[in-house]
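Subject: Structure handover

Hello,

Here is the structure you asked to take over. Please open it alongside this message.

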Amino acid sequence: MEKRIEEAYAKRPKDWIYHLTILVVVLGLMFWSMSSMETAGTTQNGGKMALNILNGIVHPEKKLLFNLTTQGVPYLLLETICIAFMGTVVGAIFSVPLAFLSASNLTPKPIAFLGRILIMVIRTVPAFVYGLMFVRVTGPGPFAGLMTMSLTSIGMVSKMYIEAIEDLDTKILESLDAMGCTTWEKIRFGILPQLMPNFASTAIYRFDINLRDATVLGLVGAGGYGAPLIFAMNSYRWNEAGAILVGLVVLVLFVEWVSTKIRVKLTRG
C-alpha cells in the first residue's frame, strides 16, 4: 500500500512550472499597473486633513444632528429613506411582468431573449448617468431620485426574479393541473408560494443598495443627504459632515438589522 502511494506521488503532475508562470505574469501586471499611478496633488498637510475628518466624525455638529427642520440630518435621512423605499417598490412592481416575459421556461425563447436584452441595456447605464438624465427632465429634487432608483432597481431585481422563476418546481404545477385547477388557482397555490419569499428578499436587498446609492444621486441634485454631505466636505466643515455620516451609519445599521430579520423570517417560513 505504501509503495502504491509513493508511486502515485512520484507520478503526480509536475505543474509547479505552470503555477510559477502564472504568478510571475500576475506580479508583472501588478507592477506595470502601479507604474502608471500618479501621486500628484498630495501635500504634506494630508495627514492633518485626515485627522480633521476623523475629528469631525467623532465630534459631529449637534445642532445639525438634532435639527428637525428641512436642513437637519433627520429630515435628510427621512427623505433618503423615502426615495430609496419608493424607488424599490416601483422598480420591483415593474420587474415582475418583465421577469415573467424574460423567463425562458414560461415564454417563447425569442420573447425571452428580447426581454433579457432590455434588462441588460438597463443594467449597463450607471445610476449617476440616470440621475443626470432625470434631473434634466424633471428638475432637481427627490422625484428625480425616485425615478433613478426605480430604473436602476429594475435592472437588478428583474434579473434576480428571472432566476427565481426559472427555478420553479414544475411538478407542483403538474399536480395542480391534474387536479383540474384553473390558471388562477395554479398561480395562487403553485407559483406565488414559491416566488414570494425570493421576490421579497430580493426587494429588501435592493432597498439596502438604494440607501447607499443615495450619495451618488445627491451629487447631481436628485435629493437625499448626498448633496449636503459633499458640500460640507468641500467646504472643510468636518463637524457638519461628521453629523451627516453619524446619522447615515445609524440608519444603515438599523435598516440592515431589520432587513436581516425579515430575510431570515422569509427564508425559514
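Below is what was found in it, topic by topic.

Please keep in mind that this is a predicted model.

**Salt bridges**

How many salt bridges does the structure hold? There are three.

Start with Arg-116 and Glu-166. Their side chains meet in a salt bridge, at 2.3 Å from N to O. This pair links distant parts of the chain. Arg-116 sits in helix H6, residues 109-124. Glu-166 sits in helix H8, residues 142-166. The two are 50 residues apart. Arg-116 has a relative accessibility of 34%, so it counts as partly exposed. Glu-166 is partly exposed too, because its relative accessible area is 30%.

Next come Glu-163 and Lys-159. Their side chains form a salt bridge at 3.3 Å, N to O. Both residues belong to helix H8. They lie four residues apart, about one turn of the helix. Are they buried, exposed or partly exposed? Glu-163 has a relative accessible area of 39%, so it is partly exposed. Lys-159 has 35%, so it is partly exposed as well.

The remaining pair is Arg-237 and Glu-240. Their closest N and O atoms are 2.8 Å apart. Arg-237 counts as partly exposed because its relative accessibility is 36%. Glu-240 reaches 27%, and therefore also counts as partly exposed.

One general point applies here. Side chains of opposite charge can pair when their charged atoms come close.

**The cavity**

Now the empty space inside. Rolling a probe the size of a water molecule over the atoms shows where empty space is left.

The count comes to one cavity of 30 Å³ or more. About 30 Å³ of space lies in the largest cavity. Which residues line the largest cavity? They are Ile-53, Ile-57, Met-233, Trp-238, Ala-241, Gly-242 and Leu-245.

Two helices each supply at least two residues of this lining: helix H3 (46-58) and helix H12 (238-268). H12 gives the most, with four residues. By type, the lining holds six nonpolar residues and one polar residue. No charged residue takes part in the lining.

**Helix H11 and what follows**

Helix H11 covers residues 226-234. Its buried residues are Gly-226, Ala-227, Leu-229 and Ala-232. Just after H11 comes Tyr-236, which takes a positive phi of about 60 degrees.

**Thr-88**

Last, look at Thr-88. This residue is found in helix H5, residues 73-102. Is Thr-88 buried or exposed? Its relative accessibility is 5%, under the 20% cut-off, so Thr-88 counts as buried.

What does the side chain of Thr-88 reach? It reaches the backbone oxygen of Ala-84, at 2.6 Å. Leave aside the neighbours within four places in sequence, and Thr-88 is in contact with Ser-153, Ala-203, Arg-206, Phe-207 and Asn-210.

**Where to look when you open the model**

- The pair Arg-116 and Glu-166, which links helix H6 to helix H8.
- The pair Glu-163 and Lys-159, both within helix H8.
- The salt bridge of Arg-237 with Glu-240.
- The lining of the largest cavity, with Met-233 and Trp-238 among its residues.
- Tyr-236, just after H11, for its positive phi.
- Thr-88 in helix H5, for its contacts with Ser-153 and Phe-207, among others.

Best wishes

Definitions and conventions. Residues numbered from 1 in each chain as written. Predicted model: local features only at pLDDT ≥ 70, side-chain atom pairs only at ≥ 80, totals over all residues. Heavy atoms only, no water. Buried < 20%, exposed > 50% of the residue type's maximum accessible area, 1.4 Å probe, protein only. Salt bridge = Lys/Arg side-chain N within 4 Å of Asp/Glu carboxyl O. 1 Å grid on protein atoms, 1.4 Å probe; cavity = no way out; pocket = protein on both sides within 12 Å on 5 of 7 lines; lining within 4 Å. Points joined across faces, edges and corners; volume = space filled by probe spheres on them. Nonpolar A, V, L, I, M, F, W, Y, C, P; charged D, E, K, R; others polar. Polar contact = N/O pair within 3.5 Å; in protein donor to acceptor, adjacent residues only side chain to side chain. Contact = heavy atoms within 4.5 Å.
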